[in-house]
Amino acid sequence: MKARVSIPPPPPPRGTLADRLGNSRRELRGAFRGTRERADKSTRTIVVGGGIAGISAALVLAERGVRVTLIEKGHELGGRLASYAERLPAGDSFQMERGFPAFYRHYYNLRAILQRVDPDLSILRPLADYPVLGPDGARESFAGLPTTAPLNLLSLLRRTPFVSLRDLRNIDPEAVRAMVAFDPQKSYARFDTESASTFLDRLNLPTKAREMVFRVFCHSVFHDERSVSAAEMLSMLHFYFLGNPEGMSFDVLEEPTGDVVFSPLARILASHGVDVRLGESVLEVVRERGDRIRVKTGSGELDAEGLVLAPDVTGLRAIYEASPMLAEDATFAATMEALCCCAPYVVFRLFYGQPVNDERAPFASIAGHGALDSITLYDRFEGESRRYALRTGGAVVQLQAFGLDPARDDASIRTELKATLGRLYPELEGADPLHEVYVRGASGPSFAPGSGATRARVATPYGNIAIAGDHVKVPFPSALMERAASSGIMAANALLDRWDVRGESLYTVPPRGFIASLGARIP
Ligand SMILES: Cc1cc2nc3c(=O)[nH]c(=O)nc-3n(C[C@H](O)[C@H](O)[C@H](O)COP(=O)(O)OP(=O)(O)OC[C@H]3O[C@@H](n4cnc5c(N)ncnc54)[C@H](O)[C@@H]3O)c2cc1C
């Protein structure tokens, strides 16, 4: 099973400036090669992991007639984004989110999956702006910038108060060229072994500008700049900002993730006959005679013609370690042995009995204030939290912190996050929340310097086994939920190709940076 996708040239210029500059959504060439509409009735596939990647794979396969069994270790679908039921002290129940998901407009493949349950995407609501709040009252915003490179970068540099003309003269031009000349292959070959912090030292931006603009790109993959690869950071910068035809604004869910995303997706899966098994773990994978795959779970065994492995990195590593057949290919074994988790992160939800000032943004990114990375005011956009605020006159605030020191204890993190919130939003200083829910995790993937070469790909040397998840390297810029959905669709397509069944189209932002697409070399 070979990855045959290729990066298409820019589409022929159409009307808009973005089109003329080649900065618009592209359909991936060669995303599938099957020709039949439906698989034979007897074709079976097992999908391991019920996060976005596994659900996307299961859906695409089942829609084409494949008999799918989806096995999820947890008790609900959604993985890292599954919400779960909690209770307030007064007895009211609410859905706790494991993370605040920002649905960017250029998440083309994820949105196509969500449209299965909501064709108009009416579950999403736009957030007009999200400021970055820095030290000493500093404030930056990515709103209102042009959506075409290099105009977006030039406009940001022109309007930001954090970079003066003199600073611009001190910036390393080669590093700037590397940013605007992003190329999914060449940038990894050139920059993956160095850390984002080494790259940013060379770029030589003033400290505050570096903190205000680049922290968000490193922390959004759950790392600080010393422990994330410079190539991954450049990829994020291209994917979210420089090469993003839709701009950096995003949408949020109007109700809890479980209610409006994962329960409806579960119903759609069921309507296609997918056998969803919750609370069951896949322990081992075995190859049978005749190329069939057998998986052993906590409660039995199953076999199928195809297998999609879409657990998080810890789950995948455990399955690999228990499955000698997965170690037969030395290169694949090296990939599995390199699987590694991100630094710890924290999601801390606070239910206050008093409101937050009206002028606060529903979501703010935080830079230069210790561990705190974001403040979300849930009652400003989510129905369940709004109903709480109406009942109590209070507010539902969610704090997130990424890239934490693994040695830090929870008590000190909680104290620091609340104190920082009080400094930034003084109306909450010293206020005692009526209720708190604190979630600590570390189940995201690591993108450490030098990890690009061994990162898992969708295709494996084992033909009818494909890998999906937000850790998987896809051949176009992508990240987080969008990478999970894209790799899930790619994994389904790879299996469908084997059975000569038409797969699903895939879309990407322009894969290369402005300068790279003009043919300039990466410095
Ligand atoms: C706090 C936080 C905030 C986030 N914010 C954003 C955001 O704003 N925007 C964005 O795009 N992304 C965001 N993300 C990232 C996003 O959640 C992930 O990229 C995405 O959910 C990954 O999906 P996945 O399917 O690859 O993996 P997962 O969601 O981890 O799913 C893997 C599943 O496999 C299951 N599993 C593991 N082992 C086994 C086994 N042996 N047998 C059966 N099942 C198994 C697990 O239980 C899990 O359900 C955020 C994440 C967090 C934690």
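**Figure 1. Glu-284 and its partner across the β12-β13 pair.** In this predicted model, Glu-284 sits opposite Lys-296, which belongs to β13. The two strands here are β12 and β13 (residues 293-297), and they pair in the antiparallel sense over 5 bridges. Zoom out a little and you find an open sheet of 3 strands, ordered β12-β13-β14, with antiparallel pairing. At its edges are β12 (282-287) and β14 (300-304), each of which pairs on one side only. From one strand to the next, the twist averages 20°. One handy thing to keep in mind while looking at any sheet: in a regular strand, side chains alternate between the two faces.

**Figure 2. Another open sheet, with β10 in the middle of the order.** This one also has 3 strands, and you can read them off as β6-β10-β7, with antiparallel pairing. Which strands are at the edges? They are β6 (103-104) and β7 (124-127), and each pairs on one side only. Follow β7 to β10 (residues 250-253) and you can count 4 bridges between them, in the antiparallel sense. For one example, take Leu-127: its bridge partner in β10 is Phe-250.

**Figure 3. The hairpin made by β4 and β5.** Here strand β4 (residues 84-87) and strand β5 (residues 93-96) run antiparallel, joined by 4 bridges. Glu-86 faces Phe-94, which is in β5. Between the two strands of the hairpin there are 5 residues. Have a look at Gly-91 in the turn, too: its phi is positive, at about 105°.

**Figure 4. Two helices crossing, α2 and α16.** How do these helices meet? Their axes come within 7 Å and cross at roughly 35°, and the crossing is right-handed. On the α2 side, the residues that make the contact include Ile-52, Ile-55, Val-60 and Leu-61. On the α16 side, Met-481, Ile-489 and Leu-495 are among them. Sorted by class, the residues of this contact come out as 13 nonpolar, 4 polar and no charged.

**Figure 5. The surroundings of the ligand.** There are 36 residues around the ligand, and the nearest are Gly-49, Gly-51, Gly-79, Gly-99 and Gly-315. Which helices and strands supply at least two residues each to this shell? Those are α2 (52-63), β3 (67-72), α12 (313-322), β16 (345-352) and α16 (480-498). So you will recognise α2 and α16 from the crossing in the previous figure. As for class, the shell has 17 nonpolar, 13 polar and 6 charged residues.

**Figure 6. Two backbone oddities in loops.** Most residues other than glycine have a negative phi, and most peptide bonds are trans. Now check the peptide bond from Ala-149 to Pro-150: cis, with omega near 0°. Pro-150 is in the loop between β9 (139-140) and α4 (151-159). Next, head to Asn-204, which has a positive phi of about 65° even though it isn't a glycine. You'll find Asn-204 in the loop between α8 (196-203) and α9 (207-219).

**Figure 7. Stepping back to the whole protein.** Altogether, the protein has 17 helices and 22 strands. Its radius of gyration is 23 Å, close to the 24 Å that the globule rule gives for 523 residues, so the protein is as compact as a globular protein of that length. Along the principal axes, the C-alpha atoms fill a box of roughly 65 × 60 × 45 Å.

Technical notes. Residues are numbered from 1 along each chain as its sequence is written. This is a predicted model: local features need pLDDT of at least 70, side-chain atom pairs count only at pLDDT 80 or more; totals for chains, interfaces and linings use all residues. A residue is near a molecule or strand if its C-beta atom, placed from the backbone, lies within 6 Å of it. Ala, Val, Leu, Ile, Met, Phe, Trp, Tyr, Cys and Pro count as nonpolar, Asp, Glu, Lys and Arg as charged, and the others, Gly among them, as polar. Axes are lines fitted to C-alpha atoms, for helices over the stretch in contact, and angles run from 0 to 180 degrees between N-to-C directions. A crossing is left-handed if the near helix is turned anticlockwise from the far one by less than a right angle, and right-handed if clockwise. Two residues are in contact if their C-beta atoms, placed from the backbone, lie within 7 Å. Two strands pair if DSSP finds at least two bridges between them. The radius of gyration is taken over C-alpha atoms; the globule rule is 2.2 Å times the number of residues to the power 0.38.
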